[in-house]
Amino acid sequence: MRVKDSVKGIALVTGASRGIGAATAMRLGADGYKVCVNYVSNAAAAESVARSIIDAGGEAFCVQADVSKEADVVVLFGAIDSMAYPLKVLVNNAGVLFTQSKLVDMTAERIEKVLAANVTGSLLCAREAVKRMSTEYNGLGGVIVNVSSGASRTGSPNEYIDYAASKGAVDAFTVGLSKEVAAEGIRVNGVRPGLIYTEIHADGGEPNRVDRLASRIPMQRGGTRDEVAAAICFLLSDEASFITGSIIDVTGGL
Ligand code: NAP
């Protein structure tokens, strides 16, 4: 069992109740961080992730917050502030997409929901993290990884160009923020997953999307959430100590 003195600090993973976020949270828990498992609606799933971390000898706690809502983000970071450790890691992982469709069939309401969760949510969480990590604000430094998507390169025609556009914005702010805070002890990088086996594809209306498209992937298979989590955790680690403003594709060559 790990003793409290060895805790490296708090690692916040947004959208950690399932998929890539859950896999990342479990790795960070095993690596000695006290993990804040954020979720928006599925408390039972978030608690199960936290329980797995604790059962493996780590530390974790759950906080419900919709990252697209500024008031929720403030509450989320307030919960982190009430812990005995400083925030050292932010993984902006929470993301949404909606039913596959062409732009001509998209409503403003849908587009705004995608941009609010994927862009505004990530920017708000990064803002609060910088206030706590930056040496300009008496912080100890830290690392941010933004989870983008290969969609920012392909554009996701006929499926969800609103989602692809939101991930293009994530890539742009990864580069910009990395330069803004590079001299303040904070590294900012991104990961662009390709076709990964998670439940997000059911939200797009096609649970078996990865299998349908696997033959188009140069490696001829979809990826796993652990393969994405490994890339995220590399960028968070000291092994990546001179890497900032970079974006790693985890796409099997796509
Ligand atoms: P997922 O299985 O659908 O899980 C989404 C997670 O985000 C859940 O934990 C969900 O919480 C949470 N969430 C959704 N909206 C939220 C909000 N407004 N505030 C806080 N949490 C919210 O997704 P995934 O496939 O693991 O994807 C994770 C990230 O990777 C996303 O940014 C996604 O765009 C990106 N990505 C995924 C793929 C892929 O093929 N899977 C490819 C490229 C990029 P609840 O459980 O409470 O609903």
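**The sheet and the ligand shell in a predicted model**

Good morning. Strand 2 (residues 34–39) and strand 3 (residues 59–64) run parallel and are joined by six bridges. Helices (H or I, at least four residues) and strands (E, at least two) are taken as DSSP runs, numbered from the N terminus. The bridge partner of Cys36 in strand 3 is Phe61. Between these two strands the chain passes through helix 2, residues 43–55, in a right-handed β-α-β crossover. Right-handed here means that, with the strands pointing away from the viewer, the path from the first strand over the helix to the second runs clockwise.

A word on the basis. This is a predicted model, in which local features need pLDDT of at least 70 and side-chain atom pairs count only at pLDDT 80 or more, whereas totals for chains, interfaces and linings use all residues. Residues are numbered from 1 along each chain as its sequence is written, and side-chain values use heavy atoms, with hydrogens and water left out.

Where do strands 2 and 3 belong? They are part of an open sheet of seven strands, with parallel pairing and the order 3-2-1-4-5-6-7; two strands pair if DSSP finds at least two bridges between them. Strand 3 and strand 7 (247–250) form the edges, each pairing on one side only. On average, neighbouring strands are turned by 20° against each other, direction ignored, with axes fitted to C-alpha atoms. Further along the order, four bridges join strand 1 (residues 10–13) to strand 4 (residues 87–92), and Ile10 has Leu87 as its partner there.

I turn to the ligand. Of the 31 residues around it (a heavy atom within 4 Å), Ser17, Arg18, Ser41, Tyr163 and Thr198 come nearest. By class, this shell has 14 nonpolar, 13 polar and four charged residues, with Gly counted as polar.

Polar contacts are pairs of N or O atoms within 3.5 Å. An N or O atom in the side chain of Arg18 lies 2.6 Å from a ligand oxygen, and a polar side-chain atom of Lys167 lies 2.9 Å from a ligand oxygen. The protein buries 95% of the 910 Å² that the ligand exposes when taken alone, by the Shrake-Rupley method with a 1.4 Å probe. Thank you.

Key. Polar contact = N/O pair within 3.5 Å; in protein donor to acceptor, adjacent residues only side chain to side chain. Axes fitted to C-alpha atoms, helices over the stretch in contact; angles between N-to-C directions.
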